[in-house]
Structure formats: structure tokens, C-alpha cells
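Subject: Structure for you to look at

Hello,

Here is the structure I said I would pass on. Please open it alongside this message.

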Amino acid sequence: MNYSFLLIYPQVEPLELTLEETVERAQTYSPDAQTARHSFRSEYWNYKYYRANYLPSLTLTSNPYLKRVINEITLEDGTVKFVEQNMLSTDLSFQFTQNIPWTGGEAFFWKPLRSVLIC
């Protein structure tokens with residue numbers, strides 16, 4: 001068996017660059033330049049995360065509770081009347097939290113509120 005291969009290479013025109021263009025390409029496309037760019041981006045996002053970690057946060061929590069009841073009421077004449085009664089109870093709380101950079105702790109303020117509405 002005899003195999004023969006014909007390799008065809010495209011004709012590439014030689015690229016002529018000046019010294020300044022060569023240095024510019026090396027500064028832009030070299031592995032060290034790409035490493036520096038990616039390192040800069042990584043440090044930028046690490047800094048953004050660090051700053052965001054020290055922003056204050058405000059949390060609102062609510063736990064509504066609805067109770068519906070039908071009450072039996074006996075009137076003066078002896079008849080019975082059924083009355084629907086709705087009670088809406090809401091536990092509401094606010095919490096403000098601020099991380100403290102020097103101690104690694106956090107300060108917070110928490111205020112619970114409760115409301116009851118009877119219809």
C-alpha cells in the first residue's frame with residue numbers, strides 16, 4: 001500500500017511592522033499583558049464585593065394571620081343571629097444592619113410592630 005498526501009499551505013503575505021508597532025502588539029497580546037488585565041479585573045470585582053459588604057441593609061418581615069369566625073348571638077327576643085367576624089393580625093418588624101469594618105462585627109436595630117384589625 002502506498003499512501004501519498006498533498007499538503008497545501010495558503011500563501012501568507014509577510015507582515016511588516018515597525019519597532020513601535022511590534023512593541024505595541026507585544027504589550028497588548030502577550031501572555032503577561034493578558035495576565036495583568038485579568039488580574040486587574042479580578043481585583044476590581046474583589047474590591048466591589050468588599051465595598052458592597054459594608055453597605056447597610058434594611059429588612060422588612062411580615063407574618064399576616066387571618067382568622068374568620070361565625071359567631072352565634074342570641075337576641076333579646078330569643079332568636080339566634082349568626083354574625084361573621086374577621087380578624088386580621090399582622091406581625092411586622094424592621095431590622096437595620098450595618099457591618100463594622102474594624103471589629104468584624106455588626107450593629108443592628110430591630111423594631112417589632114403588631115397590628116390587629118377586627119371587622
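Below is what was found in it, going from the whole chain to single residues.

Please keep in mind that this is a predicted model.

Overall make-up

The protein chain has 2 helices and 3 strands. Along the sequence these elements come in the order α-α-β-β-β. Of the 119 residues in the protein chain, 4% are buried. The accessible surface of the chain is about 11400 Å², and carbon and sulfur atoms hold 59% of that area. As for contacts between residues with a separation of 6 or more, 44% of them join residues 24 or more positions apart.

The two helices

Helix 1 covers residues 19-29 and helix 2 covers residues 31-53. Their axes are 5 Å apart and cross at an angle of about 45°. Because of that angle, helix 1 is oblique to helix 2. On the helix 1 side the contact is made by Ala26, Gln27, Thr28 and Tyr29; on the helix 2 side it is made by Pro31, Ala33, Gln34 and Arg37. Sorted by class, the residues in this contact are 4 nonpolar, 3 polar and 1 charged.

Aromatic pairs

How many aromatic pairs does a search of the whole structure find? There are 2. Such a pair is described by how far apart the ring centres are and by the angle of the planes.

One pair is Tyr44 with Trp45: the ring centres are 5.0 Å apart and the planes stand at 80°, so this pair is edge-to-face. Tyr44 has a relative accessibility of 38% and is therefore partly exposed. Trp45, at 55%, counts as exposed.

Tyr50 and Tyr54 form an aromatic pair as well, with 5.1 Å from centre to centre and 65° between the planes. This pair is also edge-to-face. Tyr50 is partly exposed at 43% relative accessibility, and Tyr54 is partly exposed at 26%.

Three residues in strand 2

Strand 2 runs over residues 80-99. The contacts listed for the three residues below leave out neighbours up to four places away in sequence.

- Val80 belongs to strand 2. Its relative accessibility is 42%, so Val80 is partly exposed. Val80 is in contact with Glu72, Ile73 and Thr74.

- Asp91 is part of strand 2. With a relative accessible area of 31%, Asp91 is partly exposed. Asp91 touches Thr61, Ser62 and Asn63, and also Leu113 and Arg114. Asp91 and Leu113 are 22 residues apart in sequence, while their C-alpha atoms are 6.1 Å apart in space.

- Ser93 also sits in strand 2. Is Ser93 buried or exposed? Its relative accessibility is 13%, and the cut-off for buried is under 20%, so Ser93 counts as buried. Ser93 touches Thr59, Leu60 and Thr61, together with Trp110, Lys111 and Pro112.

If you want to follow this on screen, a workable order is the contact of helix 1 with helix 2, then the pair of Tyr44 and Trp45, then the pair of Tyr50 and Tyr54, and then Asp91 and Ser93 with the residues they touch.

Regards

Technical notes: Residues numbered from 1 in each chain as written. Predicted model: local features only at pLDDT ≥ 70, side-chain atom pairs only at ≥ 80, totals over all residues. Heavy atoms only, no water. Axes fitted to C-alpha atoms, helices over the stretch in contact; angles between N-to-C directions. Helix = DSSP H or I, 4+ residues; strand = E, 2+ residues; numbered from the N terminus. Parallel < 35°, antiparallel > 145°, perpendicular 65-115°, else oblique. Contact = heavy atoms within 4.5 Å. Nonpolar A, V, L, I, M, F, W, Y, C, P; charged D, E, K, R; others polar. Phe/Tyr/Trp six-rings, centres within 6.5 Å; stacked < 30°, edge-to-face > 60°. Buried < 20%, exposed > 50% of the residue type's maximum accessible area, 1.4 Å probe, protein only. Areas by Shrake-Rupley, 256 points an atom, 1.4 Å probe, with all protein chains shown as cover.
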